[in-house]
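Here is a short set of exercises to work through with the structure open beside you. Try each task before you read its solution.

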Amino acid sequence: MDDPFTVPTRWWHRLDDGRIQCDVCPRACRLHEGQRGLCFVRARVDDQVVLTSYGRSSGFCVDPVEKKPLNHFLPGSAVLSFGTAGCNLACKFCQNWDISKSRDIDTLADAASPQTLAALAERAGCRSVAFTYNDPVIFWEYAADVADACHERGIKAIAVTAGYMNPGPREAFYPHMDAANVDLKAFTEEFYHRTCAAHLADVLDTLRYLRHETDVWFEITTLLIPGRNDCDAEIEAECAWILDNLGPDVPLHFTAFHPDYKMTDVPATPSATLTRARETAVRHGLHYVYTGNVHDTDGGSTFCPGCRRAVVVRDWYRMLRYELTDAGACMNCGTPVAGVYDGPAGHWGARRLPLFVGG
Ligand code: SF4
């Protein structure tokens, strides 16, 4: 507990057998003294569960908000992205495994208080800060404090998450967030169980919670992996569930997998697979469906649900045309396009700018 980056937490309880159970996520790690949870950053120290990465980061970058991906949240604006280390899922296909699977706390090169981070975001001209690269669920106390410090400067907070969190901590965390991108990794329990060591039902719970119990703007991403989660029946089931449970206005991104981590034997996703998935979702009645990680102007563009005109045309993260009013309505027919808008689109473009604390 002498470590300045280690802080006490709530959301744990003592078991009859002497172990302590962390209650932050459904993983329910049961810890003996000195043990770390699966996420690596929460541990049992001095007979309590602590967070060992408060105020530490694996680095900072300024990105377009579209990269999170969020296409309907302050479009074109710059966002300060950062993450810590560890993750509470164990996805074999992890695309950020150097950070999320890090067992080396030295990966956390940069130290930054919430106030320092908020000042950094302001100096860099960011409209938001995003907790990304690894899941903020596991360091949510730090993320919430950073969000509060950012709000004091008029900067918004974004969680990029797999949504694998228990109801109690979830209700403590999301009042600090303005937006989220939730990874819906597949639509079968078998995939979640075998490939991520998690459960689909808990993620669906988080999506319903966000839609019906918060004002958080959120979008969904599904990374399509050839032969693993890309069959027609599964995509149809996912789209039907989203429409029935969340409505047609929650944007859905189908993104391309590239071979990584423990899944190097599977080829990259053909863009035809993404296009087919997008067509399925549109056919089901979802209004805003995108393809990601590929050059596909149609799949990257926002279509007005009223007149069907392409009102925001994108190529990857680059905005080629923007025809929404400052309040987010179609300039052609006046239909509101769902999302969070605050004046004209930003002009950050597709740039990625690494930043250093104090630099
Ligand atoms: S947050 Fe970490 S320690 Fe807590 S239950 Fe989840 S994986 Fe285990």
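**Exercise 1. A loop with two backbone surprises**

Keep in mind throughout that this is a predicted model. Find the loop in which P69 lies, and work out which peptide bond there is cis.

Solution. Start with the location: P69 sits in the loop that links β8 (60–64) and β9 (78–82). Next, look at the bond leading into P69 from K68, which is cis, with omega near -10 degrees. Now move along to L74, which is found in the loop between β8 and β9 as well. L74 is not a glycine, yet its phi is positive, about 45 degrees. Finish with its surroundings: L74 has 23 other C-beta atoms within 10 Å, and because 20 or more is the cut-off for buried, L74 is buried.

**Exercise 2. A hairpin and its turn**

Determine how β5 and β6 are joined, and which residues of the turn have a positive phi.

Solution. First take the strands: β5 (residues 42–45) and β6 (residues 48–51) run antiparallel and are joined by 4 bridges. One of the pairs to look for is V45 with its bridge partner Q48 in β6. Then turn to the connection, where 2 residues lie between the strands of the hairpin, and D46 takes a positive phi near 55 degrees. D47, in the loop between β5 and β6, also has a positive phi, near 65 degrees, and is not a glycine. Last, ask about burial: D47 has 8 C-beta neighbours inside 10 Å, so D47 counts as exposed.

**Exercise 3. Two sides of a helix**

Sort residues of α8 into buried and exposed, and find out what the buried ones pack against.

Solution. Begin with the dimensions: α8 (residues 271–284) has 14 residues and reaches 20 Å from its first C-alpha to its last, close to the 20 Å expected at 1.5 Å a residue. Second, pick out the buried residues, which are T273, L274, A277, R278 and A281. They cover an arc of only 135 degrees around the axis, so they fall on the same side of α8. Third, go round to the other side, where A272 and R283 are exposed. Fourth, trace the packing: the buried residues meet β14 (217–224), α7 (232–246), β15 (252–256), β16 (289–292) and α9 (297–300). You can check one of these from the strand's side, since A256 is found in β15 and has L274 among its contacts. A256 itself is partly exposed, with 19 other C-beta atoms within 10 Å. Finally, step past the end of the helix to G285, which follows α8 and has a positive phi near 105 degrees.

**Exercise 4. A mostly covered helix**

How many residues of α3 are buried, and which elements do they pack against?

Solution. Check the length first: α3 (residues 140–151) has 12 residues, which should span 16 Å at 1.5 Å a residue, and its end C-alpha atoms are indeed 16 Å apart. Then count: 9 of the 12 residues are buried, so α3 is mostly covered. The buried set is W140, E141, Y142, A143, A144, V146, A147, A149 and C150. Their packing partners are β1 (7–8), β6, α2 (114–123), β11 (128–131), β12 (156–161) and α4 (167–173).

**Exercise 5. An open sheet and a loop residue**

Lay out the sheet that contains β18, and explain why β17 and β19 each have a side without a neighbour.

Solution. Write down the order first: this open sheet of 3 strands runs β17-β18-β19, with antiparallel pairing. β17 (302–303) and β19 (318–322) are at the edges with a single partner strand each, so one side of each has no neighbour in the sheet. Now zoom in on β17 and β18 (residues 310–315), which pair over 2 bridges; F303 stands opposite A310 in β18. The loop between these strands holds R309, which is partly exposed, with 15 other C-beta atoms within 10 Å. Beyond its neighbours within four places in sequence, R309 contacts F303, C304, C330 and N332.

**Exercise 6. Around the ligand**

List the residues around the ligand and divide them by character.

Solution. Gather the shell: C22, V24, C25, R27, A28, C29, G37, L38, C39, R42, N88 and I138. Then classify its members, which gives 8 nonpolar, 2 polar and 2 charged residues.

Conventions: Residues are numbered from 1 along each chain as its sequence is written. This is a predicted model: local features need pLDDT of at least 70, side-chain atom pairs count only at pLDDT 80 or more; totals for chains, interfaces and linings use all residues. A residue is near a molecule or strand if its C-beta atom, placed from the backbone, lies within 6 Å of it. Ala, Val, Leu, Ile, Met, Phe, Trp, Tyr, Cys and Pro count as nonpolar, Asp, Glu, Lys and Arg as charged, and the others, Gly among them, as polar. Two strands pair if DSSP finds at least two bridges between them. The expected span of a helix is 1.5 Å times one less than its number of residues. The arc is that of the directions from the helix axis to the C-beta atoms. Two residues are in contact if their C-beta atoms, placed from the backbone, lie within 7 Å.
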